[in-house]
Amino acid sequence: MIGQRKAILQVNSITKDFVRRGFTSRAQTVMRAVNNVSLQLFANQTYALVGESGSGKSTTGRIICALERPTSGTVVFNDENYTDFSDHLLRQKIRGNIQMVLQDPFSSLNPRKTIEHAVLEALEIQKIGKNHSERLDAVVDMIERVGLSSGMINRYPHQFSGGQLQRVNIARALVVRPKILILDESVSALDVSVQAQVLNLLQDLKQEFSLSYLFITHDLSVVRFIADRVGVLRKGELVEEGTVDEIFDHPQTDYTQNLLSSIPIPNPEHRQLAF
Amino acid sequence: MNDSQQERSLPASTQILESAETSKTVENIEHDARALLKVNNLKVDFSNSRHQWTRIVHGVSFAVGKGEILGIVGESGCGKSVTAFSILRLHERRTTRYEGAITFEGHDIFSLGQKQLRTLRGGDIGFIFQNPMSSLNPLLTIGQQLRETVRTHQPSLSKNEVESSCIEALHDAGSDNPESWMKQYPYQFSGGMLQRVMIGMALINHPKLLIADEPTTALDVTIQMQLLKVLRDLRKTRDMSIVLITHDMGVVAQMCDRVEVMYQGRIMESAPVSDIFAHPRNPYTQGLLAAIPPMEGLRPKRLKTVSDFLKQSGSDLSPHGNVMDHAAFTAKE
């Protein structure tokens, strides 16, 4: 079914090496963070990238968002290979289409600027809207769509809770109307009840704007709720990939099985550890 | 939708339920002579730089029996860590006010002097914090830091005895090579290994009670499972009581015997772990459980949230005594 549709984003065997030079000597150590990873993202679909810390899932996300260039391999959006684009070309063709929301909602925003400023700036950089008042309308509209009230736009980040701030970050990413949203542990720092609200919001927005999500997380219960396809990363390599049902019901590798069986199940009748 | 309005609301019906439950708990504690730790109507106030006092914990009561694992669960800002820190009076003295009583083995914690408190801290009561990286001195080896803990509490031990009790503690905390760990520095360890060191350090003087404040929150799930197993084994082999503070209902279900659900500085529900999950009585507990994406069965289109349950129970959505909320709500709407 998926094979017949056309992918809007293709990641073709990307590898990323980080080179560390010694403080005094010229000796180099190479850390291979991502090793030959390929994946495809389809329109209106959520792809979850899971793995333990240090497995390379964030680096993969950063490469797709063109914040990092791969050592080898290509990233293609809408038939256009943007791996070697200049900053100018990236801003023109990619930044408006691929946006990112990070884990910590507080440190993602400038504490000295109002949230109106934060969201408006994205429109100004992308040169969307004819004039200031048109842009302002777009900001207010987006703030309301993520479930905040328009009266809040003159507030500063410290006047919001974590869940509200993550809504602001989502609004800022979506205001330029991207096709792809990369969510790098975006709900991991939130309390479970707030997390549920933000996950529901993400599901609604995905339909409304026909978005594709790349959902990077270590929390497999969230993956089961939100994702269509799942890729399991381990030490920079994609060890397993499949639909949510395939991964959760029939995990093929020991690593995935171990990952799944390590989630503490919220049911005291099913204790995973022998007493 | 307004997050903080929904998050912080406290239904009137819940309050009534809660006060009735509190008095019942207190009664149980009075009768439970075997309880190792009793916390009775604990209230904690913090002051800011202008000497304005804010109540953080509003009368919390619970007891921990010998060999029992008690879970204190709640979302950020509910006062679970403040309650745990109060057990050892770890809050800054000048800016904290306590009311109520905490007794450990019959000793009133609030009437102890600083010297007696120090023998309790790291002696009969061990403490594990969330972030192992910031709990250890980066300039000293693991061995130096462990030996210091033993010598402080058991000055009569010989050099060899100190060494062997360090190695035994590390071994019990799940270290495969305690001898070489002793010679290494914190930067040489991963987060999971460091948390094992912290558990070892808490165990070293054979505490009767271990307070673990989000001990696995910063760790990967596979490492978390290993450490939870270590804690469960320790309870068995050392007959130790554990107060486990967490926001993860999965960890609670796997680990605890009894659970206290906290919200806005109050205990919402207190019950054996099987009751909490099978028949949560309080709307807040119900919401907390429903908000977890399920790992088995049908995948829901939408998740229920705590506010759905609080609305059902007829709550008013007014903010409730929280400093951060006041900032958000007094700002011009």
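**Two chains in a predicted model: burial, pairing and contact**

The unreviewed UniProt entry annotates residues 37-289 of chain B as "domain: ABC transporter". The model discussed here is predicted.

Q: What makes up residues 37-289 of chain B in terms of helix and strand, and how far apart are the end C-alpha atoms?
A: Over residues 37-289 of chain B, helix accounts for 38% and strand for 26%, and the C-alpha atoms at the two ends are 28 Å apart. Chain B as a whole has 14 helices and ten strands.

Q: Why is strand β3 (residues 69-73) of chain B called largely enclosed by the rest of the structure?
A: A residue is buried if 20 or more other C-beta atoms lie within 10 Å of its own. Five of the five residues of β3(B) are buried, and the strand is therefore described as largely enclosed by the rest of the structure.

Q: How do you know which residues of β3(B) cover each of its faces?
A: In a regular strand, side chains alternate between the two faces of the sheet. I69(B), G71(B) and V73(B) lie on one side of β3(B), with L70(B) and I72(B) on the other, and all are buried. Both faces are thus covered.

Q: What makes β8 (residues 241-246) and β9 (residues 258-263) of chain B count as partners of β3(B)?
A: Two strands pair if DSSP finds at least two bridges between them. β3(B) has five bridges to β8(B), running parallel, and four bridges to β9(B), also running parallel. Both strands therefore satisfy the criterion of at least two bridges. I69(B) stands opposite I242(B) in β8(B), and I72(B) stands opposite E260(B) in β9(B).

Q: Why does the radius of gyration of chain A agree with that of a compact globule?
A: A compact globule of 275 residues would have a radius of gyration near 19 Å, and chain A has 20 Å, so the value agrees. Along the principal axes, the C-alpha atoms of chain A fill a box of roughly 60 × 55 × 50 Å. Chain A contains nine helices and ten strands, and 44% of its 275 residues are buried.

Q: What share of the contacts in each chain joins residues at least 24 positions apart?
A: Among contacts between residues at least 6 apart in sequence, 67% in chain A join residues at least 24 apart. For chain B, residues 24 or more positions apart account for 68% of the contacts with a separation of 6 or more. Of the 333 residues of chain B, 46% count as buried.

Q: Why is strand β3 (residues 46-50) of chain A called mostly covered?
A: The criterion for burial is 20 or more other C-beta atoms within 10 Å. Five of the five residues of β3(A) are buried, and the strand is mostly covered. T46(A), A48(A) and V50(A) point one way and Y47(A) and L49(A) the other way, all of them buried.

Q: How do you know that β3(A) pairs with β8 (residues 212-217) and β9 (residues 229-234) of chain A?
A: Pairing requires at least two bridges. β3(A) is joined to β8(A) by five bridges in a parallel arrangement, and to β9(A) by four bridges, again in the parallel sense. Both pairings therefore meet the requirement of at least two bridges. A48(A) stands opposite F215(A) in β8(A), while the bridge partner of V50(A) in β9(A) is V232(A).

Q: What makes β2 (28-42) and β5 (80-81) of chain A edge strands?
A: The open sheet in chain A has four strands in the order β2-β1-β4-β5, with antiparallel pairing. β2(A) and β5(A) are its edge strands, since each pairs on one side only. Within this sheet, β1 (residues 7-21) and β4 (residues 72-77) of chain A pair over five bridges in the antiparallel sense, and T15(A) stands opposite S72(A) in β4(A).

Q: Which residues have the most contacts inside the largest nonpolar core?
A: The largest nonpolar core has 163 residues, and V119(A), L214(A) and V243(B) have the most contacts inside it. Its largest share, eight residues, comes from helix α8 (residues 191-203) of chain B. Beyond its neighbours within four places in sequence, L214(A) is in contact with residues including Y47(A) and L49(A).

Q: How many residues does each chain bring to the contact between chains A and B?
A: Chain B brings 43 residues and chain A brings 39. On the side of chain B that touches chain A, α9(B) gives the largest share, seven residues. The residues of that side divide into 21 nonpolar, eleven polar and eleven charged.

How values were computed:
Residues numbered from 1 in each chain as written. Chains lettered and ligands numbered in written order. Predicted model: local features only at pLDDT ≥ 70, side-chain atom pairs only at ≥ 80, totals over all residues. Buried ≥ 20, exposed ≤ 12 C-beta atoms within 10 Å, placed from the backbone. Contact = placed C-beta atoms within 7 Å. Nonpolar A, V, L, I, M, F, W, Y, C, P; charged D, E, K, R; others polar. Rg over C-alpha atoms; globule rule 2.2 N^0.38 Å. UniProt positions renumbered as here; feature names shortened; annotations may be inferred. Core = buried A, V, L, I, M, F, W, Y, C linked by C-beta atoms within 7 Å.
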